[in-house]
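Okay, thanks for coming, everyone. I've got one fold to walk you through today, so let's put it up on the screen.

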Amino acid sequence: MKKHSFLVAALAALLALQPARAAEAPRLVERDGRHALMVDGAPFLMLGAQVHNSSNYPAALKKVWPAVKAMQANTVEVPVAWEQVEPVEGKFDFSFVDILVAEARQNQVRLVLLWFATWKNTSPQYVPAWVKFNNQRFPRMVGPDGKTSYCLSPLGDETLKADKRAFVALMTHLKKIDQDRHTVIMVQVENEVGTWGLVRDFGAKAQAAFEQDVPTAVLARKKAPVPGAASGNWRAVYGDYADEYFHAWAMARYIGEIAKAGRAAYDLPLFVNNALRDQVAPIKPWNSDFAAGGPNYDVIDIYKAAAPDIDIVAPDIYNPDARQFAATLNNFQRRDNALFVPEISNAAPYARYLYGILGRGAIGVAPFGVEDSDYSNYPLGAKLTDARMLAPFAPIYAAFGNVQRQWARWALEGRTHGAVEGEDHGDQSIAMKGWKANISFGQWQFGEKEWPSNAKEAPPQAGQLLGGVAIAQIADDEFVIIGQHARVRIEPTALQGKLGSMIASAEEGRFDATGRWVMERRWNGDQVDWGLNLTARPVILKVKMGRY
């Protein structure tokens, strides 16, 4: 006990001695439907890395920091488990949080905390034992056949009360140790909530709530896919979708209560994440094909109505299909919902998706399971668990890390765009102000794909899913391009009375610590005759176009 007290005191002293940062708290801002995460008073691009589920203990962090450094991430997402901080009811232990914050500062990265509590991937596996095994006080959901589900009910008053109390204690502690430093910049409330195999709770209390009128806040935001009654109970208004929508409301209301109380203690941006349903198929009533009640794109409006203190409903991306990926970004990026991908597969083909995510103006992204904990979540993630797993992601983070503050500002201003190589390896086009970028994949750097010599032998990258490009139009005729395994040609959408267009300058370089552009070399001749050919090594190009 004395050793533990000494450790806590030493950590408190260490935290107090570290110099303070700017006083402005992290917050989200919206401008014309675009968003930025403000950190220390300026837009911040989160180049994140999420640790494995069981790396939320001090000894495990020894493997985290080398991986984060190798990946060149600026933010780490780490679970904080309810069972960990309140193993005995009413007695809180935040020693891990203290260690985590201190070590994050030493490693000069920010933190996003993931509150694993009532639900983690729909399960109660992270609740304390005194919750897990007391069904009478902390009820589980009940099916229509009367059978008890594995999942804790969102209508459990005692469960909500206990979870909320623990979350408030966490946020209060964060304020105490971090309000002048803002090492922690966001917090996730629960994790991938919903229920597998059961569309909603059919217990007596839940059934009574289901038969009540739909709350006016929900009616104002969520329209029925098939028009029903303008008001009334859930079945009357939403028909065959009523069960799923009711469960989404019950989950969102529960989370919203926790979020509201937590923000009252310490006001940080909060978000929820979810395991995705099919993003392309037409919406149909739940049929055991996704986690019912989770914050999928078709119920974002219900979450916004029932949990207004949650800033972002965010997708976790583990589907490799490019059409699903594009639809996910379209479905979750809304005027009232910042695009943020808190979890994406660490498998190599997903690396190119970073260009699409950051190009679309997301506030950040985080591949999952970056440290070598001798665990692989293949087939969702990479088979590899060592440094080779990070290799496809690290160079991309290095490129964006050089320009992260500027990129976040350009995204807020609506200047950024992205493209990724699809399974068809087809050409793509990005429309911009006065210009468009034509992007192709799987080509040699010299000449055209149709040339007999080039058609005879494809380059090594052809047929692989490697290509990605992000473009920021920083002035009318000026662009910053980051990418790999792609060819980019920029042409005018109108010549404006001129005869043609051409590159005025194409510079490879970097931005210094003050944001000033530093040219390393100028591309010309062979390097531009056949477009701007981006190879396996991501580079930053500053390109100026002109009309003649």
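Before I get to the sheet, one bit of vocabulary: I call two strands paired if DSSP finds at least two bridges between them. And keep in mind that this is a predicted model.

So, what does the sheet look like? It's a closed barrel of eight strands, going S4-S5-S6-S9-S10-S11-S12-S13, and the pairing is parallel. From one strand to the next, the twist averages 30 degrees.

Let's zoom in on one pair. How many bridges join S5 to S6? Seven, between S5, residues 75-81, and S6, residues 110-120, and these two strands run parallel. If you want a spot to look at, find Val78, which stands opposite Leu113 in S6.

Now the helices on the sheet. H6 packs there and touches S5, S6, S9 and S10, and its direction makes about 165 degrees with that of S6. H10, residues 242-265, packs on the sheet too, touching S6, S9 and S10, with its direction at about 150 degrees to that of S9.

H6 also has a helix partner. H4, residues 95-106, packs with H6, residues 157-178, at an angle of about 40 degrees, and the axes are 11 Å apart. That angle is why we call H4 oblique to H6. The crossing is right-handed.

Which residues make that contact? On H4, they're Val97, Asp98, Val101 and Arg105, and on H6, Leu170, His173, Leu174, Ile177 and Asp178. Sorted by class, that's five nonpolar, one polar and three charged residues.

That's my tour, thanks.

Methods:
Residues numbered from 1 in each chain as written. Predicted model: local features only at pLDDT ≥ 70, side-chain atom pairs only at ≥ 80, totals over all residues. Heavy atoms only, no water. Axes fitted to C-alpha atoms, helices over the stretch in contact; angles between N-to-C directions. Helix = DSSP H or I, 4+ residues; strand = E, 2+ residues; numbered from the N terminus. Parallel < 35°, antiparallel > 145°, perpendicular 65-115°, else oblique. Left-handed = near helix turned anticlockwise from the far one by under 90°. Contact = heavy atoms within 4.5 Å. Nonpolar A, V, L, I, M, F, W, Y, C, P; charged D, E, K, R; others polar.
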